[in-house]
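Visitor: I should like a close look at a single part of this assembly, namely how its chains meet one another. Please take me through the contacts in one connected account.

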Amino acid sequence: MAQVSSVADEQPPNPLSTTKSILLRISRFNPEFDDSNKFMEFTVSYEKWTTVLEAILDVKKHHDHSVAVRYSCRQATCGSCGMLINGKPRLACFTKISELDSNVVTVEPMNNFPVIRDLAVKFERLFDTHQKIKPYLINDDSELDSELDSNKKEFLQTPKEVENFIQFANCIKCGLCNSACPTMTTDSSFVGPQALAQAYRYVADSRDKGKDTRLDIIDESHGIWRCHFAGSCSQVCPKGVDPAMGIQFLRGYLLGFRN
Amino acid sequence: MTRDENKEGIKGMANPGRYGIERIAYLLMRLTGLGLLGYFIAHVYETSNILRGRMGWDDFLAMTQTTEGHIFLVLVIGMCVFHTGNGIRIMLGHGGVGVGKPARPDYPYDPASQNYRHKIGIYSSIVLAAVAMMYGMAVMFGE
Amino acid sequence: MKESTIMKIHYGTALASVGLVAVHILMRLTTGFADSLSYENVLANYRSVPYVIMLELILILLAVHGFNGLRVILLELKQGRVYEKAVSYGVVIGMIALIGYGSRTIIMTNMGMV
């Protein structure tokens, strides 16, 4: 006889717990039916460790399961849950409600990304700009021919050489930097801090021989020169990539300060 | 901006309050740049009054050497000093100076490029602009 | 022209004009601000060839720097092939017009045609 397992009943709150509640305002927008977004408000209880993503999923579970939100790893590794939280781009899984210091938490889709529905946005432009800068190691084919020279089976790097680029390899393509960038608020053609930081990641990699190719790609009227070092990209990056640093170093190559 | 693109538009450019002093400096740089360009064009036009001889020049002075003219000039001094100071800071940053060194990131992932050197540069530009404005007021209103 | 070349010019004109503009402003403090703006004093400034060369340099440097900055802001506000071409040409025309108008004042005053 088949056993039907039921969803475990939720335990009532522990009277000794520090549960508080906040007003969670979620931006709702369906481009097929709506002209503009509207906010729906939910009262959500939270503990000091509750993340914004958990609050949103709580709303989906108990109040309105039609809320569209993208998430996956819940540990700031995949970059799926980027959104505006109280006006600033953040990862919902990496932002605790308690650290927002507010009784009202407003979540909206990231700026500068077209909205699919509610909190889910399209990433095509980010993928396109990322691909544009050739995000892969560019080598001479002769270096890979191990039959001619057995020493060339591997590309060796010293720890110092790794240190030069590893920070920028931490990028999880969450798009928060592109959302925060002031140039991207108005410039549809700008490459964006994510792509520029990744361009530097490869230029700084000692295994790569595509520096000139990439510098030519970004040396255009909507390329690296539309960055004005506002630094907002680095302020919001959840992985410490610091795109602003990479972009200024990359600019050094174009200005002749770096070889 | 189309709704499809979900861009903030100029509102996003002109709302620097969420990201710290660097974003405010970015906005001030834009505003002072446009202000100085406008002043420069007006200045070149006004000073062409010298070609109208003494009367033309004195008419020009009568219009600009007033309290309002002096206050306007004080603002221009402030804009000029801030734009210059912050511009030098930005140029150094663009050359990779003072933006830190790459390193393995670790929690809390504070960005090395948003460091005290550049913050001091921005605040210094603002303070220098204020000092220059006060000096300008002392010179113009002190006579 | 490559964007990197344009930006090198932008930075170069900025750095070059800092000292020159400082001298231009300090000239107003040599004999007292109000006196320095008197008709005779200004004419005397225009008659001095080094000062005139400095003025001309400031005019060119700041016109290039200022209009290029305007071009950057306008390009970021709106995109499109026709618009971007219009902005680029408009800015160059504005630059040339301003330099022409300012140079006319400097040269005519220096030559005593006031």
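**Contacts between the chains**

Guide: In this predicted model, the side of chain A that faces chain B may be taken as the starting point. Here 40 residues of chain A are in contact with 31 residues of chain B. Two helices of chain A, α7 (232–236) and α8 (243–255), each supply at least two residues of the side that touches chain B. The largest share comes from α8(A), which contributes seven residues. By class, this side of chain A has 17 nonpolar, 17 polar and six charged residues.

Chain A also meets chain C: 13 residues of chain A are in contact with nine residues of chain C. The side of chain A that touches chain C comprises three nonpolar, six polar and four charged residues.

There remains a pairing of helices between chains B and C. Two packed helices are described by the angle between their axes and the distance between the axes. Helix α2 of chain B (residues 21–47) packs against helix α5 of chain C (residues 81–110) at an angle of about 30°, and their axes lie 9 Å apart. Because angles under 35 degrees count as roughly parallel, α2(B) and α5(C) are roughly parallel to each other. The crossing in which α2(B) passes α5(C) is left-handed. On the α2(B) side, B:Ile41, B:Val44 and B:Thr47 take part, and they meet C:Leu98, C:Tyr101, C:Gly102 and C:Thr105 of α5(C). This contact of α2(B) with α5(C) has four nonpolar and three polar residues, and no charged residues.

Conventions. Residues numbered from 1 in each chain as written. Chains lettered and ligands numbered in written order. Predicted model: local features only at pLDDT ≥ 70, side-chain atom pairs only at ≥ 80, totals over all residues. Axes fitted to C-alpha atoms, helices over the stretch in contact; angles between N-to-C directions. Helix = DSSP H or I, 4+ residues; strand = E, 2+ residues; numbered from the N terminus. Parallel < 35°, antiparallel > 145°, perpendicular 65-115°, else oblique. Left-handed = near helix turned anticlockwise from the far one by under 90°. Contact = placed C-beta atoms within 7 Å. Nonpolar A, V, L, I, M, F, W, Y, C, P; charged D, E, K, R; others polar.
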